[in-house]
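Trainee: I am new to this structure and would like a close look at one part of it, with the surroundings explained as you go. Could you take me through a sheet, and then outward from there?

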Amino acid sequence: MREILEAIEAGAGGEELAALALPDHYRAAFVRREDTELFAGMASADKDPAKSLHVGDVATPELAPDEAYVAVMASSINFNTVWTSIFEPLSTFGFLDRYARESTWAARHALPYHIVGSDASGVVLRVGSAVRNWRPGDRVTVHCNSVDDQDPSAHDDSMLAANQRIWGFETNFGGLADLALVKANQLMPKPTHLTWEEAAVNALCNSTSYRMLVGSHGARMKQGDVVLVWGASGGIGGYAVQYVLNGGGTPVGVVSSPEKAELLHELGVEAVIDRKAEDYRFWSDATTQDESEWRRFGKQIRGLVGEDPDIVFEHPGRQTMGASIFAAKRGGTVVTCAATSGYMVEFDNRHFWMKLKRLIASHFANYAEAYAANRLIDQGRIQPLLSAVHPLKDVGAAARSIHRNEHEGKIGVLCLAPREGLGVDDQEKRARIGEGKITLFRRHGS
Ligand code: NDP
């Protein structure tokens, strides 16, 4: 890949890149099938991603007609890489084996290793014979919705496709590598004012938050809405509060430290709750929730913004769902996409039905939603949340810091990019949007 990197750095055009030979192996981060039982019997919190994530050489897979090879300049760590690396809630090799049964091309994915990573920025090197809209040399970001567009169920909302998968989580050949294999309908133009690592951290979390709050399949936030956002300085939460501010709503951000609260204030979020400082205990023991704590929480929100939330942006799951359902306004909406603290959620149905609330399930985003969210980044209306950068060889330590909730925003990973700060195509636009806005999380993280 060295020759390819040198050509990209020298500004080689598409024809020149297309003429370069592709290596038959490349560097990638992966988990091994033989390690599936590595953490058997351990508590989730004690499972260390650095023990199961390896970086080494893997064979270059064959290219299908509807796919592209991307030289990955940078990628990011998502929580799904934590799930893969601790083999929870299911072993990743079950996903790959099931996928392999679908077609000859899909069979490439069932290997003794799983290359992880669901974000990337980079340069297209080759496209398959059926690809029309992209060509070698295109500078791109990659979203992670992998669907077969010959499946009729993919054509209303592709997130409803029977064979919808998350690339680099439920498929192989992900973005935490020097080369990635993607379907052409995962490609989006790289925002021209961002560095490779700033461009790499957005697609998964930003698109998820867009669908949850803005898109027609989510909570459809309106101007003036009060939106309670859990984990508001984290990956999806940090984009969510920006959507609320942009859309004329009032975010109430929940975080767990004064530093994170300060970061939110700098981002423009006035109402912030430090859940640790307030010592909220929604569960009095492993099986009982404490309604008086829900009431204390609701009262604090009213004290801050004068009313109950129209929308609750939910993802911690078991620890918070009872409080989220309780806190939502009469007729309000709880939108959820995850369950970091446990997926067997419980809430008091009386508060739910008597106050006519709604619960919406959301999962990543379709191509149109991801494209719209990427466009907002390109316009400088939504800022990247890059707070730290690691080289690919340290991917295990980076995933561990997310697992331990030691980070803010998003962690970027340099793959082919030799250092931070490269890849900006439009410096004038960057200056217009404002270095201070673009790098807010990075300054906090450094
Ligand atoms: P992050 O780790 O960046 O942020 C999550 C935040 O949630 C943490 O920073 C923490 O904030 C908060 N949190 C964690 N545990 C609790 C708890 N017990 N109670 C209250 N708050 C808690 O992760 P992401 O934002 O990237 O992802 C969040 C979840 O969403 C993950 O489970 C991920 O897998 C899932 N996800 C799902 C997607 C989908 O398409 N379905 C897409 C993207 C993510 P603090 O400590 O400051 O309160």
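**A sheet and its surroundings**

Mentor: In this predicted model, Arg32 stands opposite Tyr113, a residue of strand S4. That pair belongs to the antiparallel pairing of strand S1, residues 25–32, with S4, which extends over three bridges. The two strands are part of an open sheet of three strands, ordered S2-S1-S4 and paired in the antiparallel sense. Strand S2 (54–59) and strand S4 (113–115) form the edges, and each has a single partner strand, so one side of each is left without a neighbour in the sheet. On average, and with direction ignored, neighbouring strands here are turned by 60° against each other. Helix H5, residues 92–100, packs on this sheet and touches S1 and S4, and its direction makes about 90° with that of S4.

From this sheet we can turn to the nonpolar interior. The largest nonpolar core has 117 residues, and those with the most contacts inside it are Tyr26, Ile77, Ile115 and Leu187. The element that gives the most to this core is strand S3 (residues 67–77), with eight residues. Leu187 shows what such a position looks like in detail: leaving out residues up to four places away in sequence, Leu187 touches Ala68, Val70, Val124, Trp134, Val140, Thr141, Val142, Val182, Tyr367 and Tyr371. Apart from this core lies another one, of 22 residues, which includes Phe297, Val312, Ala323 and Phe326.

A second sheet offers a useful contrast in its pairing. It is an open sheet of six strands, in the order S13-S12-S11-S16-S17-S18, and its pairing is parallel. The edges are taken by strand S13 (271–274) and strand S18 (358–361), each of which pairs on one side only. Between neighbouring strands of this sheet the average turn is 20°, again with direction ignored. Near one edge, strand S17 (residues 333–336) runs parallel to S18 and is joined to it by four bridges, and within this pairing Val335 has Ile360 of S18 as its bridge partner. Helix H7, residues 203–213, packs on the sheet and touches strand S11 (226–229), strand S16 (311–314) and S17, while its direction makes about 150° with that of S16.

Strand S11 deserves a slower look. In a regular strand the side chains alternate between the two faces of the sheet. In S11, Val226 and Leu228 point one way, whereas Val227 and Val229 point the other way, and all are buried. Four bridges join S11 to strand S12 (residues 250–255), and the two run parallel; one of the residues involved is Val226, whose bridge partner in S12 is Thr250.

The ligand is the next place to visit. Of the 26 residues around the ligand, those that come nearest are Ser256, Arg275, Thr340, Phe364 and His407. A polar backbone atom of Phe364 is 2.7 Å from an oxygen atom of the ligand, and a polar side-chain atom of His407 lies 2.8 Å from an oxygen atom of the ligand. For Asn405, a polar side-chain atom is found 2.9 Å from an oxygen atom of the ligand.

Finally, consider Asp378, which has its place in helix H14 (residues 367–378) and is partly exposed, with a relative accessible area of 28%. Leaving aside neighbours within four places in sequence, Asp378 is in contact with Lys190, Pro191, Thr192, His193 and Lys429, and a polar contact of 2.8 Å joins its side chain to that of Lys429.

Methods: Residues are numbered from 1 along each chain as its sequence is written. This is a predicted model: local features need pLDDT of at least 70, side-chain atom pairs count only at pLDDT 80 or more; totals for chains, interfaces and linings use all residues. Side-chain values use heavy atoms; hydrogens and water are left out. A nonpolar core is a set of buried Ala, Val, Leu, Ile, Met, Phe, Trp, Tyr and Cys residues joined through side-chain atoms within 4.5 Å. Buried means under 20% relative accessible area, exposed over 50%, partly exposed in between (1.4 Å probe, protein chains only). Contact means heavy atoms within 4.5 Å. Two strands pair if DSSP finds at least two bridges between them. Axes are lines fitted to C-alpha atoms, for helices over the stretch in contact, and angles run from 0 to 180 degrees between N-to-C directions. A residue is near a molecule or strand if one of its heavy atoms lies within 4 Å of it. A polar contact is a pair of N or O atoms within 3.5 Å; within protein, one must be able to donate a hydrogen and the other to accept it, and residues adjacent in sequence count only if both atoms are side-chain atoms.
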